[in-house]
Amino acid sequence: MRLIRVPSLSIHNPLFPILLAIIFLQALASAQAGPKYDAASEMKFQGTIEELKLPPKGSEKEIAHLMIKNGTDILDIYLCPKSFMDDMGVTFAKGDEIAFTGSKVKGVADLILAREVVKGTDTLVLRDEKGNPVWSWHK
C-alpha cells in the first residue's frame, strides 16, 4: 500500500490567505443573492392568512412572510422588509382573505415571492413587472 502525503493547510501555508478569501467571498455572495423572481412562472393565488411571520425587533429591514392557506396547502409568501410595510401603512392579520400575484421559487417547496398583494380594496405592489423589488429604493 502506498501512502499519499497531503500538504497541511495551516495559517503558515502561503495558500491559506487565498483559500480564506475565496471562502469569504462565496459566503458573502450567497448571503446577498436571496431567492430570484421568475416572471415566466408568475401565477395568481388567493387564500386566508394563517400566520404573519415578522423579523425580530431591531431587524425591521429583514423580510416579512405570510403563511397562507390555499385549499389544503399552506404557502409561505415572501413579502418585503418589515420597515417597507410599516412605511406603506400595511397590516395583515390571521383570517384576512387576500389575493396575490407571485412566482414560486425553484428548489424551495411552497415558497412564493409576492409581486402584488390585494387585501379588500387595497393593493400593495412589492415588485415591478420584471420582479425587481420596489423597496430597493426605500431607505
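Start by selecting W135. At 12% relative accessibility, W135 counts as buried, because the cut-off for buried is under 20%. Bear in mind that this is a predicted model.

**Stop 1: the partner of W135**

Keep W135 and add F84. F84 is buried too, with a relative accessible area of 2%. Now show both rings. F84 and W135 form an aromatic pair, 6.4 Å centre to centre, with 50° between the planes. That pair is tilted, because stacked needs planes under 30 degrees apart and edge-to-face needs over 60. Next, colour by sequence position. F84 sits in helix α2 (residues 82–88), and W135 in the segment after β6. The two are 51 residues apart, and their pair links distant parts of the chain.

**Stop 2: the other ring pair**

How many aromatic pairs does a search of the whole structure find? It finds 2. For the one not yet visited, select F45 and F100. Their ring centres are 5.3 Å apart and their planes meet at 15°, so this pair is stacked. F45 belongs to strand β1 (residues 42–53) and F100 to strand β4, so the contact ties together parts that are 55 residues apart in sequence.

Are these two rings buried or exposed? F45 is buried, at a relative accessible area of 11%. F100 is buried as well, at 2% relative accessibility.

**Stop 3: from β4 to β5**

Stay with β4 and select residues 97–104. Then add β5, residues 111–119. The strands β4 and β5 run antiparallel and are joined by 6 bridges. Zoom in on A99: it stands opposite V118 in β5.

**Stop 4: across β5 to β3**

Hold β5 and select β3, residues 73–81. What is the sense of the pairing between β3 and β5? It is parallel, over 3 bridges. To locate one contact, pick D76, whose bridge partner in β5 is L111.

**Stop 5: the hairpin**

Go back to V118. Besides A99, V118 also stands opposite T123 in β6. Select β6, residues 122–125. β5 and β6 pair in the antiparallel sense over 4 bridges. They form a hairpin with 2 residues between them. Finish at the turn and select G120. Its phi is positive, about 65°.

**Selections to save**

- F84 and W135: the tilted pair.
- F45 and F100: the stacked pair.
- β5 with β3: parallel.
- β5 with β4: antiparallel.
- β5 with β6: antiparallel, forming a hairpin with G120 in the turn.

Key:
Residues numbered from 1 in each chain as written. Predicted model: local features only at pLDDT ≥ 70, side-chain atom pairs only at ≥ 80, totals over all residues. Heavy atoms only, no water. Pairing = 2+ DSSP bridges. Phe/Tyr/Trp six-rings, centres within 6.5 Å; stacked < 30°, edge-to-face > 60°. Buried < 20%, exposed > 50% of the residue type's maximum accessible area, 1.4 Å probe, protein only.
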